[in-house]
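Here's a quick walk through one helix and the partner chain that it meets. Have the structure open as you read.

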Amino acid sequence: MELDELKEKWNILSEEVANHKIVTQEIIDKSLKKKVRTVVTDGQYALGFMFILMIGLLLFFFFNDFPYRNFAIIIIVICMLYGIWGFYEMSRLSKIISPMLNICEMENCLIRYKRQTKNAYMFSFLVILPSFFVWDVLVERSNGMPLLYSILKNAIFVAIIISSSRYNRRKMDEIEEGFKEYKEFMKE
Amino acid sequence: MNHKKEFAELVNRYKDVIFKVCYVYASREELEDYYQEVLIQLWRSLPNFRNESKMSTWIYRVSLNTCISYVRKNKKVNKVSLIDLDFIDNDIEKKYYIDELYLLINRLNKFEKAIILLWLEERDYEEIASIVGISKNNVAVKLNRIKEKLRKMSNQ
């Protein structure tokens, strides 16, 4: 293809774009909503994945003889109950994330989502991780392993949760920044 | 002039240009995100505009830089997904031409895309050189290479 031919095609595009009314506010609106939906959907997938993992672990402990098995099962059941509550909250959230919402309603959704994820991370740090650590120490001690082994193993889990929480916070900060900028220049 | 008023006028005047720059770099799903990103960048940079260059030159420079860094940030260049320009859906022939144009431009690298876009927008060599930061002669050389590349690609 020659450049002139390319130019002809470009002129067609230019004509179409010129004839089409680009509604800037609509485009920004859609873009912000899409970002909120992506963050919430990612959260739902993560929760779904964790839930399946918990079911797998529960079945594993149920059908295998393991030291302190009941303790592990209690931790998993607590996690699953929390997961069910999370699903319930997420399903409520996904209902209200509709393209029909205005930006303020979307922002409210994001605030609620932020609160939920904050609670989830707090729950992980205050309940799940300490309980898992205690169980792990008991199991490894009964196997004659040093405490340091459990500490290192749990440090990996802590690192994973911290990085996922940071990633989540960064995403939400980006969207919040978007909302801020949007409101600022739409005031006019 | 009031910053907000000035910005609103600028967006109104150059939205077609911004849209076309985004069109060259974004995939269908990302077009709106790119458009928003460029507007935010223009909004932030407007107070620093010192009338040292033409307004259009500045708009192209900011839009291109924003799109290029957004591509880099997202680390994905969608070469397959066509932009669904719903407003031309009724005209199959036009849509075919625009799809063909999109597919060809998308096979160029980020820098080549910027040069071809500016050439297609009928910017003179001097302005292209000042926007992309190379010499006028270099623009001519690069355009020839792009021309060769496009010819080869369209024969494939």
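## Before we start

Two residues count as in contact here if their C-beta atoms, placed from the backbone, lie within 7 Å. Keep in mind that this is a predicted model.

## Helix α1 of chain A

Let's begin with α1(A), which runs over residues 3-19. At 1.5 Å a residue, its 17 residues should span 24 Å, and the end C-alpha atoms are indeed 24 Å apart.

Which residues of α1(A) are buried? They are A:Leu6, A:Lys9, A:Trp10 and A:Leu13. Looking down the axis of α1(A), the buried residues sit within an arc of 100°, so they line one face of the helix. That fits a general rule: an α-helix has 3.6 residues a turn, so residues three or four places apart point the same way. Over on the other side of α1(A), A:Asp4, A:Glu15, A:Ala18 and A:Asn19 are exposed.

## Where chain B comes in

The cover over the buried residues of α1(A) includes three helices of chain B: α4 (92-105), α5 (110-120) and α7 (136-155).

The contact as a whole draws 23 residues from chain A and 30 residues from chain B. On the chain A side, α1, α2 (24-63) and α5 (147-186) each give two or more residues, and α1(A) gives the most, with eleven. By class, that side has twelve nonpolar, four polar and seven charged residues.

## A crossing inside chain B

α7(B) also packs against α6(B) (residues 125-132), at an angle of about 95° with the axes 8 Å apart. The two helices are therefore roughly perpendicular.

From α6(B), the contact uses B:Tyr125, B:Glu126, B:Ile128 and B:Ala129; from α7(B), B:Lys136, B:Val139 and B:Ala140. Five of these residues are nonpolar, none polar and two charged.

How values were computed
Residues numbered from 1 in each chain as written. Chains lettered and ligands numbered in written order. Predicted model: local features only at pLDDT ≥ 70, side-chain atom pairs only at ≥ 80, totals over all residues. Helix = DSSP H or I, 4+ residues; strand = E, 2+ residues; numbered from the N terminus. Expected span 1.5 Å × (residues − 1). Buried ≥ 20, exposed ≤ 12 C-beta atoms within 10 Å, placed from the backbone. Arc of directions from axis to C-beta. Nonpolar A, V, L, I, M, F, W, Y, C, P; charged D, E, K, R; others polar. Axes fitted to C-alpha atoms, helices over the stretch in contact; angles between N-to-C directions. Parallel < 35°, antiparallel > 145°, perpendicular 65-115°, else oblique.
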